[in-house]
Amino acid sequence: MTVALVRLDSSVGGDGRSAVSKAQVYYSLKKMLTLGHVVVTRNDAESAGPRRETYRITASGRHAMSEEIASPDWPHDRPPMSFTMWLMVLGHAEASHRAMALARYREYSSKKVSHQQSIIARTHRTTGEQSVGEIILLASAKHAMEILRMEQEMLDAIEPMLGR
């Protein structure tokens, strides 16, 4: 894991704003340095902007990350992260931890599907007028279901490759 991953994750605010402040990133990097989970690497390339440091994850950092990924709450007990970023981080975990995280994500995802299905069932009417709020709620639930379907499809396609 490099700062590029942190930088990418810190800019996914949906509304164009950063979801993570620079102070949070630097605090986390300092903490990871102190714990020995990352090290500063030498970068002789000329920078077009201010001086930047490049970090590399250490073996202990990779193990700590892998254990966190294997924790039961990891799929949902963290700041929101895009599914793509989740997969990128997951790729750095040990195979056994990756398998646990995938199983837990599938379980978590199934609960999300059930929740969206209940919203659709409650909101969808075959007769009568729907309020604007009901129309938006129904469309949002259907949108969430489509995203969950695509995530499951992606997991089905790449899970056999991740086991290696």
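Among the contacts in the chain with a separation of 6 or more, 54% join residues that lie 24 or more positions apart. The model in which these contacts occur is a predicted one. Buried residues account for 27% of the 164 residues in the chain. About 11000 Å² of the chain is exposed, and 58% of this area comes from carbon and sulfur atoms.

The secondary structure consists of six helices and two strands. Read from the N terminus, the order of the elements is α-α-β-β-α-α-α-α. A good place to start a tour is the pair of strands, E1 (38–41) and E2 (54–57), with the loop between them. Arg42 sits in this loop. With a relative accessible area of 73%, which is over the 50% cut-off, Arg42 is exposed. The C-alpha atom of Arg42 is 8.7 Å from that of Tyr55, and the two residues are 13 apart along the chain.

The helices H4, H5 and H6 can be taken next, pair by pair. Helix H4 covers residues 83–90, helix H5 covers residues 95–123, and helix H6 covers residues 132–162.

The first pair to consider is H4 and H5. Their axes are 11 Å apart, and the helices pack at an angle of about 155°. This angle is over 145 degrees, so H4 is roughly antiparallel to H5. On the H4 side, the contact is formed by Phe83, Trp86 and Leu90, while H5 contributes Arg98, Ala101, Leu102 and Tyr105. Sorted by class, the residues of this contact comprise six nonpolar, no polar and one charged.

Helix H4 also packs against H6. The axes of H4 and H6 come within 12 Å and cross at roughly 10°. Because angles under 35 degrees count as roughly parallel, H4 and H6 are described as roughly parallel to each other. The crossing of this pair is right-handed. From H4, the residues Phe83, Trp86, Leu87 and Leu90 meet Glu151, Met154, Leu155, Ile158 and Leu162 of H6. The contact of H4 with H6 has eight nonpolar residues, no polar ones and one charged residue. Phe83, Trp86 and Leu90 thus appear in the contact of H4 with H6 and also in the contact of H4 with H5.

The remaining pair is H5 and H6. Here the axes come within 9 Å, with a crossing angle of roughly 155°. Such an angle is over 145 degrees, and H5 and H6 are therefore roughly antiparallel to each other. H5 passes H6 in a left-handed crossing. The contact of H5 with H6 has 13 nonpolar, five polar and eight charged residues.

Two glutamines give a closer view of H5 and H6. Gln117 belongs to helix H5. The relative accessible area of Gln117 is 42%, and this residue is partly exposed, since that class lies between the 20% and 50% cut-offs. Although Gln117 and Met145 are 28 residues apart along the chain, their C-alpha atoms are separated by 7.9 Å.

Gln152, in turn, is found in helix H6. Is Gln152 buried or exposed? Its relative accessibility is 19%, and a residue counts as buried under 20%, so Gln152 falls in the buried class. When neighbours within four places in sequence are left aside, Gln152 is in contact with Arg106 and Ser109.

Terms used: Residues numbered from 1 in each chain as written. Predicted model: local features only at pLDDT ≥ 70, side-chain atom pairs only at ≥ 80, totals over all residues. Heavy atoms only, no water. Helix = DSSP H or I, 4+ residues; strand = E, 2+ residues; numbered from the N terminus. Buried < 20%, exposed > 50% of the residue type's maximum accessible area, 1.4 Å probe, protein only. Contact = heavy atoms within 4.5 Å. Areas by Shrake-Rupley, 256 points an atom, 1.4 Å probe, with all protein chains shown as cover. Axes fitted to C-alpha atoms, helices over the stretch in contact; angles between N-to-C directions. Parallel < 35°, antiparallel > 145°, perpendicular 65-115°, else oblique. Left-handed = near helix turned anticlockwise from the far one by under 90°. Nonpolar A, V, L, I, M, F, W, Y, C, P; charged D, E, K, R; others polar.
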